[in-house]
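Got your viewer open? Let's take a walk through this one, a stop at a time.

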Amino acid sequence: MDTAPECSAPAVGAGGVPGEPEQEEEFRWLLHDEVHAVLRQLQDILKEASLRFTLPGSGTEGFTKQENFILGSCGTDQVKGVLTLQGDALSQADVNLKMPRNNQLLHFAFREDKQWKLQQIQDARNHVSQAIYLLANREESYQFRTGAEVLKLMDAVMLQLTRARNRLTTPATLTLPEIAASGLTRMFAPALPSDLLVNVYISLNKLCLTVYQLHALQPNSTKNFRPAGGAVLHSPGAMFEWGAQRLEVSHVHKVECVIPWLNDALVFFTVSLQLCQQLKDKISVFSSYWSYRPF
């Protein structure tokens, strides 16, 4: 880019650094007009994302509709079931498990008085709400005075959106004793047999149910006992200690189903993050102005 000739008058006020008038005008327009246009666009997208999480029912204030999801796996029919999702909570679960050894069919379902909160969905929704709050705090009448101020806001919004996305894409790693101690195991009627563990989590746009079948290791077992660490999905052969028993995972059954509105939310997060980054890039082009003058 050509610089202004030395004999030219400075394009900025007293004490400023000379620059091209058209560049300065473009930056002024970016700071005063386009930034707010992008903020409006971001708010619209994130409000759509937020609506996906609340899943409003038909006309009833405060009511969240129930959605039934049929769980399946392309690899096995050992586990079949239906999970009912109501906002960020599992309100019902109905699971059938065919035992591999004897083909015995086990059926277990949630107790009617119980719901299981999916913390991942709740956290993601809270992060979206925080991002909307940050954007709403900069109303149309607000004048951004420096590029650095815009970058700071975009970084704060992107942090919330990244955290929201990560809560859905990165399930918690749990040890087998943590799964055994989870309140989820006490949600079922009849109670789960002592040789079964169940875990439910979100992975990307999917609701996942994992059933672990266990067998006790004999005290005189020659197996080298090595307790398994934390994992999203434990494999057969993983060992752990629970109570006075040493146990080993013999079979693992994982079934899942796609939740369409979670897919929508992830798309909204990606688009919003791209918009934030594009605005940051545009602002950064003019970073030479920041050190000497607010606009």
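Start by selecting L71: it stands opposite G81, a residue of strand β2. Keep in mind along the way that this is a predicted model.

Now widen the selection to strand β1, residues 66–71, together with β2. The two run antiparallel, and six bridges join them.

Next, pick out β2 alone, residues 79–86. Is this strand mostly covered or mostly open? Mostly covered: six of the eight residues in β2 are buried.

Stay with β2 and click on V82, whose bridge partner in β3 is D94. Then show all of β3, residues 89–98, beside β2: this pair is antiparallel too, held by eight bridges. To see the turn of the hairpin, go to the two residues between the strands and find G87, which takes a positive phi near 65°.

Time for the cysteines. How many disulfides does the structure hold? Zero. Select C257 and C208 to see one reason: the sulfur of C208 is the closest cysteine sulfur to that of C257, yet it sits 8.0 Å away, too far for a bond. C257 itself is buried, at 8% relative accessible area. Hop over to C276, which is also buried, with a relative accessibility of 0%.

Finally, zoom out and color the protein chain by secondary structure: you should find five helices and ten strands. Of its 295 residues, 42% count as buried. Switch on the surface and you are looking at about 15600 Å² of accessible area, 51% of it belonging to carbon and sulfur atoms. As for contacts between residues at least 6 apart in sequence, 65% join residues at least 24 apart.

Notes
Residues numbered from 1 in each chain as written. Predicted model: local features only at pLDDT ≥ 70, side-chain atom pairs only at ≥ 80, totals over all residues. Heavy atoms only, no water. Helix = DSSP H or I, 4+ residues; strand = E, 2+ residues; numbered from the N terminus. Buried < 20%, exposed > 50% of the residue type's maximum accessible area, 1.4 Å probe, protein only. Contact = heavy atoms within 4.5 Å. Areas by Shrake-Rupley, 256 points an atom, 1.4 Å probe, with all protein chains shown as cover. Disulfide = S-S within 2.5 Å. Pairing = 2+ DSSP bridges.
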